[in-house]
Amino acid sequence: MSVEERLNNVVKTQGAVHLTLIDPDSQPPDTAGKMAAQAAQGGTDAIMVGGSTGAGGSILDKTLKAIKEQTDLPTILFPASAGGVSAHADAVFFMSLLNSRDVNYITTNQAIGAPLVKKYGVEPISMAYIIIEPGGTVGWVGDAKLIPQKKPALAVAYALAGKYMGMHYIYLEAGSGADSPVPAAMVGAVKQAVGEETKVLVGGGIRTGEVAAKLVKAGADMIVTGTIVEQVSDVKSKIHELVTAIKQ
Ligand code: 1GP
């Protein structure tokens with residue numbers, strides 16, 4: 001079964017997926033492996049690996065290897081550029097930053113990275129990446145024309161464009177460590193527009209089970225959390241809190 005099928009199956013049977021994002025730039029590979037193992041014990045469904053800066057090359061490879069050694073969970077690349085492709089991952093969120101002003105983040109990095117994805121045999125999962133205010137580092141790096149929190153219709157328009165271009169997943173991103181996550185009303189409007197088959201991921205600034213549950217209730221199929229894993233001492237308990245809040 002492909003990683004995409006596996007995730008979609010979790011949505012179908014458990015109501016929602018939880019993804020743990022690990023930034024290779026934030027800790028040594030062995031620590032990343034231990035964090036992933038604890039996240040697995042807490043019930044997360046897969047490990048995303050990537051970051052806006054300093055997340056490529058040998059540090060990326062070593063981080064993935066350490067995660068693979070310590071868990072059986074699928075690993076999914078979350079690349080900021082073609083430099084975020086590694087042969088050691090199971091899958092890659094093959095994204096286009098639809099609301100970027102810079103063609104490099106819409107198609108050029110994708111073209112540079114695509115032959116590597118093929119050569120390495122990493123499973124591509126097509127994704128529309130849409131950055132919402134405040135946007136954080138990724139909004140700045142990706143030169144995104146940030147979607148205002150109070151303009152759900154703009155997020156819907158981009159999400160539909162992604163779906164009509166054939167993307168299976170839509171990622172609504174508020175930016176890592178955002179003060180406020182993507183509003184539930186925006187998530188609901190996007191999910192209603194794209195329908196059941198297209199999966200909606202939400203990330204950026206989600207720190208509690210309560211917030212995650214609200215977003216899933218509004219229509220999110222998958223919740224991504226990253227920063228919180230770096231901040232808590234008990235990763236397993238925090239992930240357990242998030243996972244139990246969003247699953248049926
Ligand atoms: C960032 O959406 C992800 O790309 C996760 O955000 O680090 O705030 O959990 P956090």
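## A D143 turn and a well-covered ligand

With a relative accessible area of 32%, D143 is partly exposed, because that value falls between the 20% limit for buried and the 50% limit for exposed residues. Please keep in mind that this is a predicted model. Two backbone features and the surroundings of the ligand are worth a look as you browse the structure.

**Backbone features**

- Most residues other than glycine have a negative phi, and most peptide bonds are trans.
- D143 departs from the first pattern: its phi is positive, near 45°, and it is not a glycine.
- You will find D143 in the loop that joins α5 to α6 (152-164).
- Between E133 and P134 the peptide bond is cis, with omega near 5°.
- P134 itself belongs to the loop between β5 (123-131) and α5 (136-141).

**Ligand surroundings**

- The ligand takes up the space of the largest pocket.
- Around the ligand are L21, F78, Y171, E173, S176, G177, G203, G204, G205, T225, G226 and T227.
- By type, this shell holds three nonpolar residues, eight polar ones and one charged.

**Polar contacts of the ligand**

- On the side-chain part, an N or O atom of E173 is 2.5 Å from a ligand oxygen.
- The backbone joins in too: a polar backbone atom of G204 lies 2.9 Å from an oxygen of the ligand, and a backbone N or O atom of G205 is 2.8 Å from a ligand oxygen.
- Of the 310 Å² of accessible area that the ligand has on its own, the protein covers 96%.

Note on methods:
Residues are numbered from 1 along each chain as its sequence is written. This is a predicted model: local features need pLDDT of at least 70, side-chain atom pairs count only at pLDDT 80 or more; totals for chains, interfaces and linings use all residues. Side-chain values use heavy atoms; hydrogens and water are left out. A residue is near a molecule or strand if one of its heavy atoms lies within 4 Å of it. A polar contact is a pair of N or O atoms within 3.5 Å; within protein, one must be able to donate a hydrogen and the other to accept it, and residues adjacent in sequence count only if both atoms are side-chain atoms. Accessible areas come from the Shrake-Rupley method with a 1.4 Å probe; for residues, only the protein chains shown count as cover. On a 1 Å grid over the protein atoms alone, a cavity is a set of points where a 1.4 Å probe fits but cannot get out, and a pocket is an open set with protein on both sides within 12 Å along at least five of seven lines; lining residues have an atom within 4 Å of a point. A molecule sits in a cavity or pocket if more than half of its atoms lie within 2 Å of its grid points. Ala, Val, Leu, Ile, Met, Phe, Trp, Tyr, Cys and Pro count as nonpolar, Asp, Glu, Lys and Arg as charged, and the others, Gly among them, as polar. Helices (H or I, at least four residues) and strands (E, at least two) are DSSP runs, numbered from the N terminus. Buried means under 20% relative accessible area, exposed over 50%, partly exposed in between (1.4 Å probe, protein chains only).
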